[in-house]
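Reader: I would like to go through this model by question and answer. Please show it first.

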Amino acid sequence: MTQAPSFDTLCVQGAHAAAGEPAVDSALVPPIVYSATFAASNAQAFAEMASQPRHARYYTRYGNPLHEHVARQLVALEDGSGAHDALVTASGMGAVSLVLLGLLKAGDHVVAQTNHYMASAKHFAELLPRFGVRCTLVDQTDLAAWERAIQPGTKLLMTETPVNPTCALTDLAGVARLAHAAGAVSVCDNTFASPLNQQPLALGIDLVVHSATKYLGGHHDITAGAVIGAKALIDTLWPTQICLGATLSPMDAWLLLRGIRTLALRVRQHNASALELARWLEQQPQVERVFYPGLESHPQHALAVAQMRGFGGVMNILIRGGYEPASRFVHALKLPRQAVSLGGVESLVVHAAAMWRGTMNDEQMRVAGIAPNAVRLSVGVEGVDDLRADLARALAAV
Ligand SMILES: *Cc1c(COP(=O)(O)O)cnc(C)c1O
């Protein structure tokens, strides 16, 4: 192949297409290597297996041929420069935990956002402080706040954009610049965007994490995660990966590869349907506000256009009248199922305040920007007219 393959080709044909090499196996789809351990042919081979990091055939917690396959594929999708490497994990939180616990030690300082995916937020509020890591949380939309929060011991800047569930954005190039100036590592949770819509490594971010449970897998059937970044950083994380043991099962690695083949097709449809529905929803009298990065009314729309190529399937809808009408709207919906998670082919909806009520008090929710009338909608790939009709019917019921 003379020119670099497109994102679509990489999704379908895999990493070997990026390298311009033929597939290794005549099987079009890689076999699921369901083996916890691998035999050595002789003493020297065993010594090599045992000493080589991320050997794909030693012990599956250390690596598996399918892990290697998915990792190469993800590196190609996030950035084809070849300077990067990846590790796959059993869940998105496996990836977030790997980065934080793999890079930080007692006495270090972290800057993170007041808004994060809930379990990531727990890392900054509870888990990391237990191990002597200090965390400062800042308004992600305010680059000056990031800059002010950096201090001599700052080792890591954690971003998540668009953020769960408010769809606020972080200026990735800006945070990357601040991190490099401070000698800190910049990290982006790129789950909401997917590699089709946003490529943080190209904006200067050091490490990308994904919950591959969402768009990468795409079918609400697996939990998986990944970390992608410079080879040297991935090498640094490797010893922690073995200890944490968030090992992706070979079956789920295979399903992840299957999901990735249609990533470009799916995400383009999520982008198109979500933008169309967001535009329609913001015109409806029962809707107070729609936060979706693709809308001109999003307070950071200019940043969205600058750093994203598409805006994803998730939006935050504020229903007029507060908690009760929002609750009635969610319960009246028939096509989007009421379930946590996002980024799959089925539309899913959650009443955010009802979901977080069990873990946050009203003040914590206010600080995290979770309004009582906020509804998170993950637009799937069902017919967009069917979705609009269902939304219209549910709005009429509030
Ligand atoms: C779901 C999610 C996670 C956690 O991923 P799991 O696969 O559920 O462990 C992390 N970050 C974001 C933004 C998510 O949406």
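Reader: Is S378 buried or exposed, and at what relative accessibility?

Author: This is a predicted model, in which local features need pLDDT of at least 70, side-chain atom pairs count only at pLDDT 80 or more, and totals for chains, interfaces and linings use all residues. Residues are numbered from 1 along each chain as its sequence is written, and side-chain values use heavy atoms, with hydrogens and water left out. Buried means under 20% relative accessible area, exposed over 50%, partly exposed in between (1.4 Å probe, protein chains only). S378 therefore counts as buried, at 1%.

Reader: Which strand holds S378?

Author: Strands (E, at least two residues) and helices (H or I, at least four) are DSSP runs, numbered from the N terminus. S378 lies in residues 374-378, which form strand 12.

Reader: In what order do the seven strands of the open sheet lie?

Author: Two strands pair if DSSP finds at least two bridges between them. The pairing in this open sheet is mixed. Its order is 1-7-6-5-4-2-3.

Reader: Which strands stand at the edges of the sheet?

Author: An edge strand here has a single partner strand, so one side is left without a neighbour in the sheet. That describes strand 1 (84-89) and strand 3 (134-138).

Reader: How many bridges join strand 1 to strand 7?

Author: Strand 7 covers residues 225-230 and runs antiparallel to strand 1. One bridge pairs D85 with G229. The number of bridges is six.

Reader: What angle does the direction of helix 6 make with that of strand 3?

Author: Helix 6 (residues 118-130) packs on the sheet, touching strands 2, 3 and 4. Contact means heavy atoms within 4.5 Å. Axes are lines fitted to C-alpha atoms, for helices over the stretch in contact, and angles run from 0 to 180 degrees between N-to-C directions. The angle is about 165°.

Reader: How much of the ligand does the protein bury?

Author: Residues surrounding the ligand include S91, Y117, E160 and K214, each with a heavy atom within 4 Å of it. A polar side-chain atom of S211 lies 2.8 Å from a ligand oxygen atom. Taken alone, the ligand exposes 380 Å² (Shrake-Rupley method, 1.4 Å probe). The protein buries 92% of that.

Reader: Which helix holds L77?

Author: L77 is buried, with a relative accessible area of 1%. Among the residues L77 touches are F7, P195 and I260. L77 sits within residues 65-78, helix 4.

Notes
Polar contact = N/O pair within 3.5 Å; in protein donor to acceptor, adjacent residues only side chain to side chain. Lists of a residue's contacts leave out its neighbours within four places in sequence.
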